[in-house]
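Reader: Please take me through a single part of this model, the sheet and the helices packed by it. Keep the sentences short, and explain each term once.

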Amino acid sequence: MAVNTVPLSLKPFRIALVQLGQVTPDKSKNLNHAREMIMKAAAGEGATKPDLIVLPECFNSPYGVMHFPVYAETIGFTSGVPYDMESSESESVKMLSGAARETEIWLVGGSIPERDKSDSSKLYNTCTVYSPKGELVVIHRKVHLFDMDIPGKITFKESETLTGGSAMNMFDTPFARIGLGICYDVRFPELAMIAARNGCQVIIYPAAFNMITGPLHWEMLHRARAVDNQVFMSMCSPARDNATGYQAYGHSMVVDPMGTVLTQAGHLEEIVYADIDPAIFHSARAGIPVTTQRRFDVYPDVSREARVVIGSAGKVPN
Ligand SMILES: NC(=O)CCC(=O)C(=O)O
C-alpha cells in the first residue's frame, strides 16, 4: 500500500487520558460511567479544555477471553465510507459518538469487543475514533493478540476468542496525524515505526497492562517508542481494581519525543492532562537527526509494504 509521508503540521493541543474505574459485568453501567467521565474530562482542568480525550482498552466489558463473545457488538465500519450512526447496531459506538458530538471534542474511544458484521465467528478487540461532530472516522482492530504465558505469574490468551486485525490505522485532526495501536501492539516496534514514517507525530494506545509486566515495561515501552520514532506517545489504562479477575496496572501516561514523561496517573480512577508542544517535536528531530539519516541502502524500509489506513473527517488543514 502506498506510503503517505506528507506530514500534517503539528499544532499545540491538549490531551486528556481518562483512567476509568468501575468496569462491572453490567454493560449499561459501564457505558453510563464512561460517558460521565468523558463529560468530566471535557470540562477540563483549570480554564483549558482538552482537544482530544482517550479512554482505556476494553472499557465496556470485563477484560477476559470468556467475556469477549458475550459483550461483543457489531459495528460494521468500512474505511472510506461514511458511517451511518442512525442505523448503528452498537450501543457503545452510539454512546461514544454522542459524547464526542456533545462535547465537540475528538475522542479515541478506548476499545471494545467487536463482532465482524460479515463473519459473525470473528471477534476483534477494536478501537473507534470520533470527530467533534460525532463522526466515526477510523477503527483499529488490535493487530497483535495478547498471548502471554509467564508460568506462575501471568497467563492470558486473547487468541482463544479473538482474531487479530490486519491493518495499521491512523487519523488526521486539525492539530496532528495520530497513529493507533492497542496495548500489546506497543511491543511491536514496527507498528509505531510505520505510523511515524507515515507522518504521525503522536501515537495512542488504549491499553491494560498487567501487574507483572506493567511495573517492568510500561514506562520503558512508552519511552522507547517515543525516542525511537521521535513522536509523542501515550497509553491510557483502566484503573486498578482488586475486585476484578484481571488487574490493570494503571499509570496512564504521555511521553514526549525526547522521552520525558509529561504526565502520569496513579493506579486509581483519575483524569490526567498533557499539553503537546510542537517545539519539542521539532527540536528533537533537528538536534538528533535520525529521521534523515536512515540507511535504506543497508536495510529495507519495511513501512513501504505496510497496510495503512488513514481516516479523516473531511478536509483537514495542512
Ligand atoms: N491487554 C494487553 O494487551 C496486555 C499487554 C500486557 O500486559 C503486556 O505486558 O504486553
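Author: Here is a close look at the sheet, then at a helix beside it and the helix that one meets.

This is a predicted model, where local features need pLDDT of at least 70 and side-chain atom pairs count only at pLDDT 80 or more, while totals for chains, interfaces and linings use all residues. Residues are numbered from 1 along each chain as its sequence is written.

Start with the sheet. It is open and has seven strands, in the order β15-β14-β13-β12-β11-β10-β17. The pairing is mixed. Strands (E, at least two residues) and helices (H or I, at least four) are DSSP runs, numbered from the N terminus. Two strands pair if DSSP finds at least two bridges between them.

Now the edges. β15 (261-264) and β17 (308-312) stand there. Each has a single partner strand, so one side of each is left without a neighbour in the sheet. From one strand to the next, the twist averages 20°.

Look inside the sheet at β12 (residues 202-206) and β13 (residues 232-236). These strands run parallel, and five bridges join them. Pro206 stands opposite Cys236 in β13.

Next comes helix α4. It packs on the sheet and touches β10 (168-172), β11 (177-180), β12 and β17. Touching here is contact: two residues are in contact if their C-beta atoms, placed from the backbone, lie within 7 Å. The direction of α4 makes about 35° with that of β10. Angles run from 0 to 180 degrees between N-to-C directions, and axes are lines fitted to C-alpha atoms, for helices over the stretch in contact.

α4 (residues 189-197) also packs with helix α5 (residues 213-229). Their angle is about 40°, and their axes are 10 Å apart. That makes α4 oblique to α5. Angles under 35 degrees count as roughly parallel, over 145 as roughly antiparallel, 65 to 115 as roughly perpendicular and the rest as oblique.

The crossing of α4 and α5 is right-handed. A crossing is right-handed if the near helix is turned clockwise from the far one by less than a right angle, and left-handed if anticlockwise.

Which residues make this contact? α4 gives Pro189, Ala192, Met193 and Ala196. α5 gives Arg225, Asp228 and Asn229. By class, four are nonpolar, one is polar and two are charged. Ala, Val, Leu, Ile, Met, Phe, Trp, Tyr, Cys and Pro count as nonpolar, Asp, Glu, Lys and Arg as charged, and the others, Gly among them, as polar.
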